[in-house]
Structures are given as C-alpha cells and as structure tokens.
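The following exercises introduce a protein structure step by step. Each one sets a task and then works through its solution.

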Amino acid sequence: MSTLAHTMMTAARSADSGLAGPGELDRYPYAEAPAVGRVGAPMWDGSDPELGRVGRRAAGSRGRGLHGQLVQQLGQMIVSGDLGADRPLVPEEIGQRFEVSRTVVRESLRVLEAKGLVSARPNVGTRVRPVSDWNLLDPDIIEWRAFGPQRDDQRRELSELRWTIEPLAARLAAGHGRDDIQQRLGDMVEIMGHAMNQGDAITFSRADAEFHSLLIQVAGNRMLEHLSGIVSAALQVSGGPVTGCDRPNESSLAHHGRIVDALATGDGMAAEAAMRQLLIVHPEVERVVPAPREH
C-alpha cells in the first residue's frame, strides 16, 4: 500500500486508551515506528495535501476527546470528498499526523467502519467506501453532510423524509394516547411560546426537537421510533431550505398546539393534517417539499 506521506517525525504514542475491544487491534495493521526526538510539529508532506490541511485545522480543538475528535475529523473529510472512494488510509500515518495513539486510531476507524464509511480487509488495508455503502441515516453522517458540500441535497432529503414520516406518526400517535406524553407535549408547546416571546431561538429549537421526538416515540411503531434520531438531526441542522417548524413564529406555534389538541381528542386525521401544515415549506424554498395535492 502506498503511504500518504514520506516524512514522519514523531512516534505513535503508547496504546493506553483501552478503547478497542478484544481482537479489534489486529484488524488495522499498524507498524510500530521508532521513537525519535521531537523537533517540531509532525508533518505530512505534499504527497497528501488534503489530510495535512484538515489536520492543521484540527490541531487547536480537542474538546471532544482524542477518539471523538478523530472520528469527527476523518468523517468530515470522507463525507466532504477530501478523501475519495477507495482511498487508502494508513493508521500509523493518521496517528502521527493527529498525534494520537494507535489504539485511538484503530477505535476511530472501527467507528467509521460501523457507519459504512471505511472498510478494513486483510492484505488490503483500510479504504474509504463509496457513498452507496454509507449509513446515510446515521446522525453523524447527516450532520457532516448538512455542513459540507452536499448541504443542499442533505437538507432537501431530510425535509422530504420528514414529510413522509411525521404526518403518519402524528396520526398513529392519536391512537396511543398516554397522559404523561400528552402533558409533556403540551409543556413543549408552552416552552416554545415563551421562548418565542423572549426571542430565545435556542430554547425554542430544543423544545421543538423534543416535541417531534416524543411524537414519533408515542406513535406505537418501533420502526418509526427508530427514525426519531433522524428527525432530531434534521431539526438541528440550521440554514438552507427550512420547513414551517424551523422558524419561531405564531403560525408554527399554533400548528404545534393543534397537534396536541388533536392527540388529546384521539383525532388522528386532524393530527396528521396539522403536521402537514406545520411541515409546509416557506414560499422562498417551495422546491424542497411539495404541498399536499388537492383531491
């Protein structure tokens, strides 16, 4: 396998994080590099400009922890296209560039493999997989796509998916009334109203996300419930095409309230209709989700 760089100036740190499970370390070949004195920041030279560029951006922020940030950085690079399909990834060079242990590198690659972004095979090594193999419903991949070059496509696809999922969930939820969930949904509407009056978009957004997640969970369909994370991710990606519940306003708040009222009376059709009205896009982004057809 060709390497991504010709010069490595530091050794990998000792494998002391203990993140990988039994047998996982052997899946990602990692040649032990001899220790050398540090004379400066480790470098990947011109043979790998993409990894070097992103690595420099990552150097100053490790608030997510070494493992979490490496997953984030490599995931963003793959989803953005900086690391194209079938691109080989050499664990030892990743460890050198990001100054992390081989265990952190291997665990990060294992996480990315679970998301369908990379594959590791004996005698082949670790390579980037094509988009068709990615788990596009994974919340991390949704986020990476939403803030990368594919942002417009991702937000359009999320809007279309919500248009399919949430009206059905609202109708089903009307037949599975639970007093505690009903109360919680009403609380979220109240919080959203207060936040809107205070101009607090962050609190509005959080209450909105919980409202929609609760609604899907109470629908009584476990397959729909499994998709609640997708809806939450859709609500958390800002900018680009937006639907009616993405902006704090009186109309959005009123539709949320109508959904709660319909659920309280067990009126599934009314709950579904209110959700469709809530998800209708604003005029300036009408291309995202079609309005309901007239029959």
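**Exercise 1. A salt bridge and its surroundings**

Task: Determine which residue meets R129 in a salt bridge, and how accessible the two partners are.

Solution. The side chains of R129 and D133 come together in a salt bridge, with 3.6 Å from N to O. This distance lies within the 4 Å allowed for such a pair. The structure is a predicted model, and the distance is computed from its atoms. Next, consider accessibility. A residue is partly exposed when its relative accessible area falls between 20% and 50%. R129 has 24% relative accessibility and therefore counts as partly exposed. D133, with a relative accessible area of 34%, is partly exposed.

**Exercise 2. Salt bridges that tie parts together**

Task: State how many salt bridges the structure has, and examine two of them, D86 with R127 and D138 with K115.

Solution. Step one is the count, which comes to 13 salt bridges.

Step two concerns D86 and R127, whose closest N and O atoms are 3.9 Å apart. D86 belongs to the loop between α2 (66–80) and β1 (88–89), whereas R127 belongs to strand β3 (residues 125–128), so this pair ties together parts that are 41 residues apart in sequence. R127 has a relative accessible area of 23% and is therefore partly exposed. The backbone of D86 deserves a remark as well: its phi is near 70 degrees, a positive value in a residue other than glycine.

Step three concerns D138 and K115, which form a salt bridge with their closest N and O atoms 3.0 Å apart. D138 is found in the loop between β3 and α5 (139–146) and K115 in the loop between α4 (102–114) and β2 (118–121), so the pair ties together parts that are 23 residues apart in sequence. Both D138 and K115 are buried.

Step four turns to a network of salt bridges, which links R145, D153, R156, E157 and E160.

**Exercise 3. The sheet**

Task: Describe the order of the strands in the sheet, and identify which strands stand at its edges.

Solution. Begin with the overall inventory: the protein has twelve helices and three strands. An open sheet of three strands follows the order β1-β3-β2, and the pairing is antiparallel. β1 and β2 stand at the edges with a single partner strand each, so one side of each has no neighbour in the sheet. A helix also packs on this sheet: α4 touches β1, β2 and β3, and its direction makes about 115 degrees with that of β2.

Now take the pairing of β2 with β3. Four bridges join these antiparallel strands. Among the facing residues, A120 stands opposite T126 in β3, and R121 has G125 in β3 as its bridge partner. The hairpin of β2 and β3 has three residues between the strands, and there N123 takes a positive phi near 65 degrees.

**Exercise 4. Another positive phi**

Task: Locate E99 and describe its phi and its accessibility.

Solution. E99 is placed in the loop between α3 (91–98) and α4. Its phi is near 55 degrees, which is positive although E99 is a residue other than glycine. The relative accessible area of E99 is 22%, so E99 is partly exposed.

**Exercise 5. Aromatic rings**

Task: Establish how many aromatic pairs the structure has, and which charged residues lie over the rings of F147 and W163.

Solution. A search of the whole structure returns zero aromatic pairs. Charges over rings are a separate matter. R155 lies over the face of F147, 5.4 Å from the ring centre. R276 places its charged end over the ring of W163, at 5.5 Å from the centre. Both distances meet the limit, which is within 6 Å of the ring centre.

**Exercise 6. Burial and contacts**

Task: Decide whether F204 is buried or exposed, and set this residue in the context of the whole protein.

Solution. F204 lies in helix α8 (residues 201–217). With 2% relative accessibility, F204 counts as buried, because buried means under 20%. Its C-alpha is 9.1 Å from that of V189, a residue 15 positions away in sequence. For the protein as a whole, buried residues make up 47% of the 295 residues. Finally, among contacts between residues at least 6 apart in sequence, 75% join residues at least 24 apart.

Conventions
Residues are numbered from 1 along each chain as its sequence is written. This is a predicted model: local features need pLDDT of at least 70, side-chain atom pairs count only at pLDDT 80 or more; totals for chains, interfaces and linings use all residues. Side-chain values use heavy atoms; hydrogens and water are left out. Rings of Phe, Tyr and Trp (its six-membered ring) pair if their centres lie within 6.5 Å; planes under 30 degrees apart count as stacked, over 60 as edge-to-face and the rest as tilted. A charge sits over a ring if NZ of Lys or CZ of Arg is within 6 Å of the ring centre and within 35 degrees of the ring normal. Helices (H or I, at least four residues) and strands (E, at least two) are DSSP runs, numbered from the N terminus. Buried means under 20% relative accessible area, exposed over 50%, partly exposed in between (1.4 Å probe, protein chains only). Two strands pair if DSSP finds at least two bridges between them. Contact means heavy atoms within 4.5 Å. Axes are lines fitted to C-alpha atoms, for helices over the stretch in contact, and angles run from 0 to 180 degrees between N-to-C directions.
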